Amino acid sequence: MSSATYTRYELLRTVRERRLMIFGFGFPLVLYFVIAVPNRHMEDFAGSGVTAPLYYMVSLASFGTMMSMVSLGGRIAGEREAGWTRQLRITPLSPRSYLRAKVMTGYTMAALSLGLLYIAGAALGVSLSASEWIKTTLLIAVALLPFAALGIGLGHLLTVDSVGPAIGGTVSLLALVSGTWFPVTSGFLHDLGQCLPSYWLVQAGRVSIDGQPWGALGWAVVLGWTVVLVAFAGWAYMRDTGRV
Amino acid sequence: MPGELEAIRLEGLVKSWKGPSGPVRAVRGLDVTIARGETVALLGPNGAGKSTTIDMILGLARPDAGHVSVFGRAPSDAVKAGLVGGMLQTGALIRGLLVRELVSMVASLYPDPLDIGEVLELAGLTDAAGQRTEKLSGGQTQRARFAVAVVSNPELLILDEPTVAMDVEGRRAFWVAMRAFAARGKTVMFATHYLEEADANADRAVLLAHGRIVADGPTTEIKGRVGTRTIRATLPDVAADELAALAGVNSAERHGDAVILVCSDSDQVIRELLPRYSAARDIEITGAGLEDAFVRLTGEADDDEIPATGTEVQSAR
């Protein structure tokens with residue numbers, strides 16, 4: 001009787017999901033080589049302060065990991081449609097263990113996506129000290145919290161038909177505003193981006209130039225969104241399962 | 001739970017749902033006790049309140065009034081203790097797992113599950129164990145859902161219309177599996193709208209119509225009560241009471257010039273009816289559909305509130 005076995009099968013199902021493999025893993029990796037290879041000698045890439053291979057390693061990792069997290073919603077909506085969520089509610093699996101398994105699945109997929117891009121980055125000459133690698137990874141992990149909550153919330157709120165476009169649209173828009181495709185260093189988009197956790201996800205790559213790439217604003221935005229979206233996910237879950 | 005003789009006790013159970021055109025009173029006061037080891041059919045037409053009742057027994061819905069206990073505890077506690085297994089009415093399987101993996105995944109949530117191979121054999125899935133859940137046929141899917149419901153080795157198994165969408169052979173195999181499980185001394189409750197299924201597979205049937213119990217007893221007895229025929233005839237100027245007194249007539253109703261006689265023995269009734277009331281014409285004899293029988297039984301049980309036609313109950317779920 002353990003939720004570890006349950007989580008293991010959740011992961012197995014997820015790894016077998018082709019769409020996530022393509023958009024969460026394959027797509028960022030291919031784009032990375034397409035974008036970063038021609039620019040691999042740029043030291044200060046488009047005013048970002050870091051080299052192009054480092055910038056794109058983190059920005060595309062932010063895309064892949066965001067996708068890994070938010071696509072939790074697609075699987076949850078599918079499980080609801082199949083009546084599986086109700087089936088689980090008549091097992092001893094607690095809501096806490098259920099949600100923990102979802103979050104852990106999201107993080108595991110994100111870690112795989114991140115690992116692949118780190119390897120690709122290293123292959124293109126990204127070199128960080130051990131502590132910089134760790135710091136970047138930890139910042140990304142923290143900045144993914146609001147996206148885990150967003151995915152869970154959308155999954156319990158939307159139908160299986162509407163959740164796909166909602167996820168795709170949200171992630172693409174966030175990626176655009178937050179500098180995934182190109183650094184956004186000034187103007188309205190920059191101001192808007194600074195208010196979003198995805199911007200700070202991309203900024204985690206600045207560890208090598210200033211030891212604290214987030215500052216107070218970054219932490220406030222990331223943690224603020226975490227609080228808001230965890231509340232949203234909690235509300236959507238309660239509404240869906242009728243525990244209100 | 002040890003020593004507890006009652007598997008399920010429902011007392012004064014009431015539940016309404018929010019429907020598109022106002023509240024739907026799905027369950028309107030149920031009192032029933034199911035003893036350990038019984039196999040009970042919850043029999044009723046669509047919208048009778050079967051699924052709503054089951055949802056409350058499983059802790060998926062909270063009663064508006066009344067009380068549910070399962071092995072002497074709250075439903076959610078019985079579920080947490082792994083005493084209850086359920087196969088819900090609507091449901092598919094999650095994708096991306098082999099049948100064996102799916103059953104193992106569910107087994108891992110329970111303290112003392114059955115052996116996976118044993119469950120797959122019981123459910124008739126041994127040959128499909130290595131197949132992906134999304135590749136199963138309709139009947140296999142239902143059997144996999146059955147395996148998910150019994151893998152915990154529950155004391156109480158609840159099945160909500162388990163054979164819907166199965167072919168004849170699939171049904172037969174399914175009930176064999178269910179009876180094999182019940183034979184282990186388990187309590188089983190299943191919802192169905194087929195009288196034959198209840199008759200063949202349960203010791204006792206609880207008939208629901210419009211959210212109330214209209215009959216409760218051994219299946220043989222229930223079958224006698226609802227296995228009736230209806231005679232419909234145009235016959236003005238004869239009091240319904242007079243017709244009701246004919247041998248073989250359970251009840252008589254008048255609708256304008258037409259009379260409707262619910263009969264326990266329609267052959268005998270027609271023999272008496274024609275010589276005595278030669279004006280009777282447009283005679284139709286129909287085997288009462290279960291739904292008609294239920295509506296009639298509800299009428300008997302509840303004179304002050306004759307149920308309307310089935311329109312309001314269609315949206316109960």
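The paragraphs below go through a predicted model of two chains, beginning with chain A, passing to the contact between the chains, and ending with chain B.

Chain A is built from 12 helices and 0 strands, so that its pattern, read along the sequence, is α-α-α-α-α-α-α-α-α-α-α-α. Its radius of gyration is 18 Å, close to the 18 Å that the globule rule gives for 244 residues, and chain A is therefore as compact as a globular protein of that length. Along the principal axes, the C-alpha trace of chain A spans about 55 × 35 × 30 Å. Of the 244 residues of this chain, 45% count as buried, and among its contacts with a separation of 6 or more, 80% are between residues 24 or more positions apart.

Helix 1 of chain A is a useful element to follow in detail. At 1.5 Å a residue its 13 residues should span 18 Å, and the end C-alpha atoms are indeed 18 Å apart, which agrees. The buried residues of this helix are A:Tyr6, A:Thr7, A:Glu10, A:Arg13 and A:Thr14, and because they cover an arc of only 120° around the axis, they lie on the same side of helix 1 of chain A. The spacing of such residues can be read against a general rule: an α-helix has 3.6 residues a turn, so residues three or four places apart point the same way. What covers the buried residues of helix 1 includes helix 2 (18-36), helix 4 (72-81) and helix 6 (95-123) of chain A, together with helix 3 (99-107) of chain B.

That last element leads to the contact between the chains, which takes 20 residues from chain A and 23 residues from chain B. On the side of chain A that touches chain B, the elements that give two or more residues are helix 1 (3-15) and helix 5 (84-89) of chain A, and the largest share, 5 residues, comes from helix 1. By type, the residues on this side of chain A divide into 9 nonpolar, 5 polar and 6 charged.

Chain B contains 11 helices and 13 strands. Of its 317 residues, 45% count as buried, and of the contacts in chain B between residues at least 6 apart in sequence, 68% join residues at least 24 apart. The largest nonpolar core has 78 residues, and those with the most contacts inside it are B:Val70, B:Val103, B:Ala147 and B:Leu207. Once its neighbours within four places in sequence are left aside, B:Val103 is in contact with B:Ile116, B:Val119, B:Leu120, B:Ala147, B:Val148 and B:Val151. A second, separate core of 57 residues includes A:Val126, A:Ile167, A:Leu201 and A:Trp225.

Two residues of chain B deserve a look at their backbone angles. Most residues other than glycine have a negative phi. Phi of B:His210, however, is near 50°, a positive value in a residue other than glycine, and B:Asp282 likewise has a positive phi of about 50° although it is not a glycine. As for their places, B:His210 is in the loop between strand 8 (204-209) and strand 9 (212-218) of chain B, while B:Asp282 is found in strand 13 (residues 281-287) of chain B. Their surroundings can be stated as well: B:His210 is buried, because 27 other C-beta atoms lie within 10 Å, whereas B:Asp282 counts as exposed, with 10 C-beta neighbours inside 10 Å.

Notes: Residues are numbered from 1 along each chain as its sequence is written. Chains are lettered from A and ligands numbered from 1 in the order in which they are written. This is a predicted model: local features need pLDDT of at least 70, side-chain atom pairs count only at pLDDT 80 or more; totals for chains, interfaces and linings use all residues. Two residues are in contact if their C-beta atoms, placed from the backbone, lie within 7 Å. Helices (H or I, at least four residues) and strands (E, at least two) are DSSP runs, numbered from the N terminus. Ala, Val, Leu, Ile, Met, Phe, Trp, Tyr, Cys and Pro count as nonpolar, Asp, Glu, Lys and Arg as charged, and the others, Gly among them, as polar. A residue is buried if 20 or more other C-beta atoms lie within 10 Å of its own, exposed if 12 or fewer, and partly exposed in between; C-beta atoms are placed from the backbone. A nonpolar core is a set of buried Ala, Val, Leu, Ile, Met, Phe, Trp, Tyr and Cys residues joined through C-beta atoms within 7 Å. The expected span of a helix is 1.5 Å times one less than its number of residues. The arc is that of the directions from the helix axis to the C-beta atoms. The radius of gyration is taken over C-alpha atoms; the globule rule is 2.2 Å times the number of residues to the power 0.38.
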